[in-house]
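The following exercises concern secondary structure, burial and salt bridges. Please work through each task with the sequence and the structure at hand before reading its solution.

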Amino acid sequence: LNIEGIDIIEVDFSGQESPYSAYGRYYIRTADEDRELSSKELEKLVIARSYSHDWESKKTDYSIDDIDTEAFKRFYNLATNSGRLLEEEFNVENILKKLELLKEDRLTNAGYYLFSNKSPVELKMAIFATDQKLKFLDIKTTRGNIFNLIDEAQLYVEKNIRWEAKIEDSKRVEIPEIPLDALREVIVNGFAHAQY
């Protein structure tokens with residue numbers, strides 16, 4: 001090509017198997033320069049590639065018949081009551097499609113792991129005797145979908161943390177050692193960052 005009087009060779013490439021190398025070296029474009037990737041940066045790219053950002057939208061072999069409708073109804077009620085989802089007639093198929101959890105009559109990975117009645121996720125919960133995690137005082141394993149397991153995990157921790165009782169305005173008030181909203185946030189983050 002000739003751009004503003006300068007002859008250049010245009011090299012065009014595309015593909016779905018990144019990262020790419022030239023002569024056995026991997027580079028990244030940073031601002032206006034190509035910088036060689038360190039081995040740590042390359043490792044991060046490979047891990048990210050194997051845990052693709054669109055994994056959750058890929059179709060499974062499961063259909064709407066594999067949805068835990070009771071859990072999905074609870075989700076719908078929570079979402080509409082908090083204003084996160086517009087209230088409409090409760091129709092599982094329409095809502096799943098609107099949330100992109102159902103594609104061509106197949107649940108996506110996100111739909112399957114969040115709401116399946118097939119118990120796709122195993123959750124292990126334990127109380128350890130020390131911070132070294134060598135001896136446990138209690139252990140529980142359960143299976144379910146992510147939506148139900150979040151509640152299971154919250155209940156387990158609530159039953160096993162310390163609570164302080166105070167009398168305020170002639171009423172008994174129980175205060176957990178961990179604020180329950182913070183606890184739920186930790187649990188949800190644990191599920192959100194897990195690899196399924």
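A residue is called buried if its relative accessible area is under 20%, exposed if over 50%, and partly exposed in between. The structure examined here is a predicted model.

**Exercise 1. The faces of helix 6**

Determine which residues of helix 6 are buried and where they lie around the helix.

*Solution.*

Step 1. Locate the element: helix 6 spans residues 180-192 and has 13 residues. From its first C-alpha to its last it reaches 18 Å, close to the 18 Å expected at 1.5 Å a residue.

Step 2. Apply the burial cut-off of under 20% relative accessible area. The buried residues of the helix are Leu 183, Ile 187 and Phe 191.

Step 3. Look down the axis of helix 6. Its buried residues fall within an arc of 75°, so they line one face of the helix.

Step 4. Turn to the face directed away from the buried side. Here helix 6 carries the exposed residues Asp 181, Val 186 and Ala 192.

Step 5. Identify the cover. Strand 8 (121-128) and helix 5 (146-160) are included in what covers the buried residues of helix 6.

**Exercise 2. Strands 3, 4 and 5**

Establish how strand 4 is joined to strand 3 and to strand 5.

*Solution.*

Step 1. Begin with strand 3 (residues 21-22) and strand 4 (residues 25-30): they run antiparallel and are joined by two bridges. Within this pairing, Ala 22 stands opposite Arg 25 of strand 4.

Step 2. Examine the connection. Strand 3 and strand 4 form a hairpin with two residues between them, and Tyr 23 in the turn has a positive phi of about 55°.

Step 3. Continue to strand 5 (residues 33-36), which runs antiparallel to strand 4 and is joined to it by four bridges. Arg 29 in this pairing stands opposite Asp 34 of strand 5.

Step 4. Consider the side chains as well. Glu 36 and Arg 25 form a salt bridge, with their closest N and O atoms 3.9 Å apart. Glu 36 lies in strand 5 and Arg 25 in strand 4, so the pair ties together parts that are eleven residues apart in sequence.

Step 5. Check the accessibility of both partners. Glu 36 is partly exposed at 41% relative accessibility, and Arg 25 is partly exposed at 46%.

**Exercise 3. Further salt bridges**

State how many salt bridges a search of the whole structure finds, and describe the one between Lys 97 and Glu 93 and the one between Glu 177 and Arg 162.

*Solution.*

Step 1. The search finds 14 salt bridges. The cut-off is a side-chain nitrogen of Lys or Arg within 4 Å of a carboxyl oxygen of Asp or Glu.

Step 2. Lys 97 meets this criterion with Glu 93, the closest N and O atoms being 3.1 Å apart. Both residues lie in helix 3 (residues 92-98), four residues apart, about one turn of the helix. Lys 97 is partly exposed at 41%, as is Glu 93 at 31%.

Step 3. The side chains of Glu 177 and Arg 162 form a salt bridge of 3.2 Å, N to O. This pair links distant parts of the chain, 15 residues apart: Glu 177 is in the loop between strand 11 (171-176) and helix 6, and Arg 162 is in the loop between helix 5 and strand 10 (163-168).

Step 4. Compare each partner with the exposure cut-offs. Glu 177 is partly exposed at 44%, whereas Arg 162 is exposed at 63%.

Step 5. Finally, note a network of salt bridges, which links Arg 74, Asp 151 and Arg 184.

Conventions
Residues numbered from 1 in each chain as written. Predicted model: local features only at pLDDT ≥ 70, side-chain atom pairs only at ≥ 80, totals over all residues. Heavy atoms only, no water. Pairing = 2+ DSSP bridges. Expected span 1.5 Å × (residues − 1). Buried < 20%, exposed > 50% of the residue type's maximum accessible area, 1.4 Å probe, protein only. Arc of directions from axis to C-beta. Contact = heavy atoms within 4.5 Å.
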